[in-house]
Every structure is written in structure tokens, then in C-alpha cells.
Amino acid sequence: MVHLLGAEALHFEYPTQQVLESVTMGVSAGDRIGIVGRNGDGKSTLMKLLTGRLEPDSGKVTIRHNTTIGMLDQSDTVDTTLTVGQAIVGDLAEHEWASDPKIRDVISGLVSDLDWDTLVGALSGGQRRRVALAKLLIGDWDILALDEPTNHLDVEGIAWLANHVKRRWPQNAGALLVITHDRWFLDEVCTQTWEVHDGVVEPFEGGYAAYILQRIERDRIAAAAESKRQNLLRKELAWLRRGAPARTSKPKFRIDAANQLIENVPPVRDAIELQRLAVARLGKDVVDIENVSVSFDEHQVLRNITWRIGPGERTGILGANGAGKSTLLGLVTGDVQPTTGRVKHGKTVQIGILDQQFSQLQTIGSQRVREVLAETKTTFTIDGKAHTPAQLLERLGFQRHHLSARVDDLSGGQKRRLQLLLLLLSEPNVMVLDEPTNDVDSEMLTAMEDLLDSWPGTLIVVSHDRYLLERVTDQQYAILDGRLRHVPGGVDEYLRLRSAQPPKRAADLRDSGKGTGSELQEGRLSGAQRHAAQKELSAIERRLEKLTKRMNQIHGVLAEHDQTDFEGLQEHTDKLREVKTEVEQLEERWLELSEKLS
């Protein structure tokens, strides 16, 4: 392969921290490299050194002649006096960029919702970030360096970006360096992983799943004393191998070694025990949203939504930016009132919220972390073991010296750790997490997932982090055109449904996406077909009504059942699971028929 870039004996330090010590690395054509590590360990510094945006204290970076490098860093700014169109395509005439399929694809994938003539200064920070990424991607680069490119992208945008960088260059051409906390993206795109830690850069073959296996083998051999971290990584590896085998089939490593490491590791979650505890804490009624619509002024955000949330359910919510996910969470928490329909909360429901604004920390900003912990309960039980709040913070990656810091002085990731801890200590039986992955690194995410595995209650998660959703939830729903739809196939099914929808873009790429008459005719039903579909739809509705009553009966039995009779609980839980499966299948068919009849 053609060598594009080399770093030799790089050394770099700040006045209070040595970041890199004698690092030697190389980048060749065809490399797709993910850079991981804890916040503050030097990932962004390494990328800036390799791309020439930062000079090393010693050592050198050599770039092959005529190699072009394009970089998106976290401080990228776009001229706020330009329009969106000028910022992205510059002085190119419309016929020039509109006739280029690569440019059209980038615009469609990243900024289709933005008005082409809007000034950049009028955009939000996330929208400006997407404009900067689009501007970069329409260029031709031998090396593309992306620092947190998935920030401010929804699930659909992240999937588009992964597909784009996989198709961007021919095989064994071009090179990608990417820093991201999105572990699904790393698995989907990268063929190598560099871990930055303790002043060194350690290479691993494969994406995130391969990195986890090789790292645990390294830790097992070289650092047996780090038993806490090993156990956490083994638990995640168990999930990777059992719950998502496709992740570990691509990298080239010894599958036998993985199986040996996890042979004595129990399943990630004890679903039956968590269900039993959830029913005991919640009863059978949690939150019922019945035929609800929500409008703000003249804009209808949600329409005709019915969602009955049961005890112990772990649900992920999918949807594009602006689809109404936060509004749906507001209905669950009671912060949003329906325009029509009703929302009913169970009598024993206690809802805890982890939001994006750190609202739980606003009144305690001047307090020190240890003072905050002193006001909380003294112990918290996880996996049958009692933990003090300080031990929980340590488990979430806090250092002891952070206990003396004031809450307002904490970094974004540290605030997220403290926010999650206070939420857990408040002992809610329904937990709502709104973008919990913001400001946190992959180690914090792993620790968060480990804590949530043993949490007994109803969990609702909104996140663009596909890995997290698949890891901590058991089912997913999507908001599509204001309606809530169960997606048994998870994120993949959601992306298929979204791709089947007609594009909605501000200027419609200058009318290039208008449908034809034949396209509008496609999918119409004949009179006989419509009659048969309506008949089947009515039958499904009657069956769903009966199954809903059956589910409520089983919930009631579980709530009143002797909690020490595990065999009886198992039998009723199996029945409940069978009914839920049939309900999901019928709901899927009901939605298909409804779309055909609409």
C-alpha cells in the first residue's frame, strides 16, 4: 500500500500534562482508523499533530508529496455572513454543483432540511456543524480527518455518513482518521483502532468489537490486578458475542479466545428477575398514552399516538431531529400536555429524568461534589452488593480529587456522571434518558450501560447512539410523520422506513427530487383489494383489543403473585412474552395495511 503519512518520535506536552511521549505511527492508503481513549488523553491533539494543525515539541510528521488532507475539528467555524449555499459550494454555479452526484448526495445526506438561502449566522450550533461537515466532504482529499463528526447527527445522518465514507474511495485508496464516541460507527467503518492512553498510542486490528477483545486479552495478561475493569469489559464482550454476532464476524481475530473469555459470564441482564422487581415496584399501570395529538400553534408534532408503557419495559425511541422525540418524552413525564387525547400515570409511578440541560445540577452548582454526596442516601445496591455514592462515582470514572471540585467547575463528561448518579440515588421506578451519551467517552458509556443492566424499572431512552440503544433496550419505537410506530427490526428497520419516505428538503435540491405521475400512481389499491384490507384491519383491531386485556390480566397476576415462587413467575412471564410477540406482529401488519389505505 502507498504510504501517505508518517509520525516519528512525536512528543507533546502542556504545562501541566504530558500528552504524547515518543509516538511513532503511519497512515497508508486504504487505512480506516478509529481513534479512541478517555476524554483528555490526547485524541484530538494527536489528530492535529498528524494533520499539521499543531507542531510537536519534538519529533516530526512526514507527509507524502501532493497528499491532500481535509480535517473537521471541534472548533471549526463557518463564516456567519454567508448563506448556507455559499458556505458549502462557494462560487460554484448552480448547474455545476447540481450536476455533480457526489455533491448532491452530501447535501441530501447532511443539510436537506436547511434553507439554502438562510444566513449561517441564523443557524443553531448543530446546524452550523453540519454545514461545516458538508463543506468538507464535497472536496477531494487523500486523507480525511474527522473529530467527532457524528455530533449533532441523528441516527439516519450517522448511517448516511458511515455509508458515505465507505464508498468515498476505491479499495486500498484514500485514508480515514476518525475520533468518535459512537461505537456503532467505529464498528461499521474502521479496519483499525488506535487507543490513546498514558502518553502512548496503541494500535489494534479491526473496529470497536475487535478492539474490546484484544484489549481484554492485553489487560488479562499484563494487568491481572485491574479486575474491576476486566469484569466490565468481559460483560460487554459477552453482549457483543451473544447479542450482536455480526459485529465480531468481520474482524480477523480468534473467536475461540472470545468464547473462552465469556464462557462463565452470565447474560448481560436477568430479564425475569428485573421484570419481577419492576412489577413489584410499579404494579401493572405505568403510563398510558391514549389517542394523543400534540400541536404547537398551527404545527402538529404528534398525531393519534397510543402507547401503553408496561412495568420493566426497556424502550428506545428513534426519530429524525425535530420529529417529536422530546415532545413524546414530555408526555411521559407530564411536562407536555396533549392537545387531544389523554395521558394516565400509575399511582406508584416515580419518574426520573436525565436531560440534555443538566437541570438536576442547576441548584447545586456552587457546592462541592462531596457536599452533594453527603446529602444523598448512604448506600445503593447493584447486583446484590451495597455501594456508597463515592464508590458509584469511582465506578463511573471519577477520580478522588474530583470530589473537592465545585459542580459548576466540572467538565461536561463529569457533570453527566454526577447527573446519572443523582438520578440513580433518587430511586425512580421509571427512568427517562434524553441523549445520555452527550459529553461522555466510551469508557463512561460502558460503565453507564453496566449500571443500567441491573436497574429494575421501566427505561425509556432517546439517543442517536445506535450502539447504546441496542445495548440497553429490548425494543425500539420510531416517530415517523408524527406517528409512533413499533419497529421490531430495530434501527435497521427504521432506516429502511425512512429511506422509503419521499425526501423533504428546503429547496428540494432545486426541484430535482419531484415525483412523476407514475410514481404517484404506484401502490394504489383496487376496490376489491381495499375492501379485503379494511376487513383484515378490523379483524386485527379486534384481536389487539383482546390481547391488550390479556396482557393487563397477566400484569395483574404478576403484581399479586408470591414473589418467592420463581417457577410460577417464570410461567406467567413466558405467557406475557408470547402475548407481546403476537401484539408486535399484529401491530406491524396493522401499520402496513393502514399505510396502504391512507
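**Entry 1: a term before I start**

A helix here is a DSSP run of type H or I with at least four residues, and helices are numbered from the N terminus. With that settled, I could place threonine 327, which sits in helix H13. I also noted at the top of my page that this is a predicted model.

**Entry 2: the whole protein**

I began with the overall tallies. The protein has 23 helices and 20 strands. It holds 598 residues, and 52% of them are buried. I looked up the accessible surface next, and it comes to about 28100 Å². Carbon and sulfur atoms account for 47% of that surface.

Then I turned to contacts between residues at least 6 apart in sequence. Of these, 70% join residues at least 24 apart.

**Entry 3: helix H13 and threonine 327**

Back to H13, which covers residues 325–333. How many of its nine residues are buried? I found eight, so the helix is mostly covered, given that buried means under 20% relative accessible area. Among the buried ones are Lys325, Leu328, Gly330 and Val332.

Why does threonine 327 count as buried? Its relative accessibility is 12%, and the cut-off for buried is under 20%, so it qualifies. I listed what threonine 327 touches beyond four places in sequence: Val294, Phe296, Val301, Leu302 and Val336.

Just past the end of the helix, I stopped at glycine 334, where phi is positive, about 90°.

**Entry 4: the nonpolar cores**

I wanted to know where the nonpolar side chains gather. In soluble globular proteins, nonpolar side chains tend to be buried together. Here the largest nonpolar core has 92 residues. Which members touch the most other members? They are Ile88, Leu110, Val131, Phe185 and Leu418.

I followed one of them, isoleucine 88. Setting aside neighbours within four places in sequence, isoleucine 88 is in contact with Val111, Trp116, Val131, Ala134, Lys135 and Ile138. Apart from this core lies another, of 26 residues, including Val19, Val27, Ala29 and Ala145.

**Entry 5: alanine 162**

Next I looked up alanine 162, found in helix H6, residues 155–167. Is alanine 162 buried or exposed? With a relative accessible area of 1%, alanine 162 is buried, because the limit is 20%.

Leaving out neighbours within four places, alanine 162 is in contact with Trp184, Phe185, Glu188 and Val189. I checked one of these pairs by C-alpha distance: alanine 162 and glutamate 188 are 26 residues apart in sequence and 6.8 Å apart in space.

**Entry 6: two strand residues**

I picked lysine 60 in strand S4, residues 58–63. Its relative accessible area is 49%, so lysine 60 is partly exposed, as exposed would need over 50%. Lysine 60 touches Gly6, Ala7, Glu8 and Leu10, not counting residues up to four places away. I also noted its C-alpha distance to alanine 9, which is 7.0 Å, with their positions 51 residues apart in sequence counted as the separation.

My other choice was glutamine 475, in strand S19. Glutamine 475 is buried, with a relative accessible area of 14%. Beyond four places in sequence, glutamine 475 touches Glu313, Arg314, Thr315, Gly316, His486 and Glu584. From glutamine 475 to glycine 489, the C-alpha separation is 8.9 Å, and the two are 14 residues apart along the chain.

**Entry 7: positive phi in residues other than glycine**

I looked at two loop residues. Histidine 152 has a phi near 70°, a positive value in a residue other than glycine. Histidine 152 lies in the loop between strand S6 (143–147) and H6, and it is partly exposed at 45% relative accessible area.

Aspartate 481 also has a positive phi, about 50°, although it is not a glycine. Where is aspartate 481 found? I located it in the loop between strand S19 (475–480) and strand S20 (483–486). Aspartate 481 is partly exposed, with a relative accessible area of 42%.

**Entry 8: a cavity**

Last, I looked for enclosed spaces. How many cavities of 30 Å³ or more does the structure hold? I noted five. I opened up the second largest, which has a volume of about 60 Å³. Its lining is made of Ala390, Leu393, Glu394, Phe398, Gln399, Arg400 and Leu403. I sorted these lining residues into four nonpolar, one polar and two charged.

Notes
Residues are numbered from 1 along each chain as its sequence is written. This is a predicted model: local features need pLDDT of at least 70, side-chain atom pairs count only at pLDDT 80 or more; totals for chains, interfaces and linings use all residues. Side-chain values use heavy atoms; hydrogens and water are left out. A nonpolar core is a set of buried Ala, Val, Leu, Ile, Met, Phe, Trp, Tyr and Cys residues joined through side-chain atoms within 4.5 Å. Buried means under 20% relative accessible area, exposed over 50%, partly exposed in between (1.4 Å probe, protein chains only). Contact means heavy atoms within 4.5 Å. On a 1 Å grid over the protein atoms alone, a cavity is a set of points where a 1.4 Å probe fits but cannot get out, and a pocket is an open set with protein on both sides within 12 Å along at least five of seven lines; lining residues have an atom within 4 Å of a point. Grid points are joined across faces, edges and corners, and a volume is the space filled by probe spheres set on the points. Ala, Val, Leu, Ile, Met, Phe, Trp, Tyr, Cys and Pro count as nonpolar, Asp, Glu, Lys and Arg as charged, and the others, Gly among them, as polar. Accessible areas come from the Shrake-Rupley method with a 1.4 Å probe; for residues, only the protein chains shown count as cover.
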